[in-house]
Amino acid sequence: MTDSLEKEKLFDEKGLRLDGRRVDELRPLKLEIGTLSRADGSAYIEHGRNKILAAVYGPRELHPRHRAIADRALLRVTYRMGTFSVGERKRPAPSRREHEISMVIRQALEPMLFLEMYPRAAIDVFIQVVEADGGSRCASTTVASIALANAGIPMRSIVTGVAVGKADGQLVVDLSDLEDKIGDADVPVAMAYGRNEYTLLQMDGKLSKEELAKALEMVEGAIETIYEKQQQVLREGFIQIREEISESEEPSSDEGDVPDTEIDETDMESADGD
Amino acid sequence: MDIISEIERERMNELLQAGKRIDGRGFDDLRPIKIVPNIVSKAEGSAEAWLGETRVITGMKVSIGQPFPDTPNEGVVVTSAELSPIGSPSFELGPPGEQAIELARVVDRGIRHSNFIQRTKLCIAEGTHVYLLFLDIYILADHGNLIDASHLSAVATLMTSQLPKVEVDEEGNATILEEFMPLEMEAPPIALTFAKINDSIVVDPISTEELVMSTRLSITIDGDDTICSMQKSGSGTLTRQEILDCVERACQIVKKARSVLPKR
């Protein structure tokens, strides 16, 4: 959002964005659950060039104990960027930006959790940005939410994040790194989509109130698309577990001559899915 | 941690249902604003802001330094906030916590993304010498809504500040002169914070309202009536309609707030 770069064009002659997208089109999105073997729940997202991992632990005993809350669990969210995730090496110590983003992501997830079910316990969410592109706090919220679901933590709804903003004079959904940096406004949003509730909302840049109204309308369409992908990846996770269970319970008698090696493979697959 | 009694919480909810607030204000009324500029003679800018009983001072120190490599023709504005125990029994000593970091960053963004101060005007010699402005916010009394009070004191500080003139010779040595000049600027942005308590949304919450609010939404309105920053916080949610209603209300309330800022 600097003067010197403001004149740079962010649309081609066909009215498409520099990466070929329409104004309301999302970057390529890939979601995965159960990515990390040691965590109680985990997930991975690739959104544009963002590559982000999330691990969830808990509900578990809270340390240090004096932070325990008598009538509910403490949700802790830690957002960290890898030193190599950005253009110039990021210093390893957590920055003020990372502290603030950890906080807004926590507040984006918290309203959807039943923390009162686990008094004095902790639920910990660790988010590691491996590669950062524009909109990493939104992608982090999206991935953290399905990691919580993967950990089996009950929720009112999953939470979905994406940014909307204004670049080169036009409202655009899911800003790229460049559109974020030299655009006119950036509005990161997260919603509990089915409930029509915003749980994360920030903005910087310049928008009129009419533009903001239009931008929020646009972003809800994008949220719906991502929300459906989140649902789908979680559903597929459960189907896979069911298949693995039924496979391991199936009597192998009808094919008596199954070689040993194949049985070993099946066992390994079910261990992976845990 | 601050606590609120059940009886006070219930009383507040009953009042809100009836369209009233615990301190007698209407939902869109700000507490009285008072600004005392130039309270520190050794600072290049300073101001004390009162928002009701909430009291904040900001001081600005200026130095000359190098610009960031990606913005060679822009000066640098650094904002920090100090929540020391003199401001509230719940503030503790130590490095800035989450609340102080958020406060400083929200104030910073509200000013950064407005037309108020063009950072290119803080450039002395492109690529080598720019003004570095350090805005340091100290909370003296927290009676609620630190964001708006801190924003007011930071804006008033910039409005009444004087920059030392600087000469750069041919060899690139900078000399700070004894002469001063005011900062060039446009109309200032104003931050307005709303608190959602059950289904009621009120502006400029006091401490007791902050204890029961589920969600907070801060909106900064620029001098040209556009929105230049927003920040939702707290563990509650907002609907699209609630967000747009707050923006609409902020555009009305901002007119009253502008009239109390110092004249230039």
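**Exercises on a two-chain model**

Strand 9 of chain A and strand 12 (residues 227–233) of chain B pair in the antiparallel sense over four bridges; strands are DSSP runs of E of at least two residues, helices runs of H or I of at least four, both numbered from the N terminus, and two strands pair if DSSP finds at least two bridges between them. The model is predicted: local features need pLDDT of at least 70 and side-chain atom pairs pLDDT 80 or more, while totals for chains, interfaces and linings use all residues. Residues are numbered from 1 along each chain as its sequence is written, chains are lettered from A and ligands numbered from 1 in the order in which they are written, and side-chain values use heavy atoms, without hydrogens and water.

**Exercise 1.** Describe the interface between chain A and chain B.

*Solution.*
- Step 1, contacts (heavy atoms within 4.5 Å): 34 residues of chain A touch 37 residues of chain B.
- Step 2, area: about 3200 Å² is buried between the chains, and carbon and sulfur atoms give 54% of this. Buried area is the accessible area (1.4 Å probe) that two parts lose on being put together, summed over both.
- Step 3, charges: there are eight salt bridges between chain A and chain B, each a side-chain nitrogen of Lys or Arg within 4 Å of a carboxyl oxygen of Asp or Glu. One of them joins A:Arg106 and B:Glu98 (3.1 Å, N to O).
- Step 4, elements: helix 1 (96–109), strand 9 (197–207) and helix 4 (209–249) of chain A each give two or more residues to the side that touches chain B. Strand 9 of chain A has the largest share, eleven residues.
- Step 5, strand register: A:Gln202 stands opposite B:Gln231 in strand 12 of chain B.

**Exercise 2.** Work out how strand 9 of chain B is placed.

*Solution.*
- Step 1, burial (under 20% relative accessible area, 1.4 Å probe, protein chains only): in strand 9 (residues 190–197) of chain B, eight of eight residues are buried. One face carries B:Ile190, B:Leu192, B:Phe194 and B:Lys196, and the other B:Ala191, B:Thr193, B:Ala195 and B:Ile197.
- Step 2, first partner: strand 11 (residues 215–221) of chain B pairs antiparallel with strand 9 of chain B over seven bridges. Here B:Ile190 stands opposite B:Ile221.
- Step 3, second partner: four bridges join strand 9 of chain B to the antiparallel strand 10 (residues 200–203) of chain B. B:Ala195 stands opposite B:Val202 there.
- Step 4, turn: the hairpin of strands 9 and 10 of chain B has two residues between the strands, and B:Asn198 takes a positive phi near 50°.

Notes. Buried means under 20% relative accessible area, exposed over 50%, partly exposed in between (1.4 Å probe, protein chains only).
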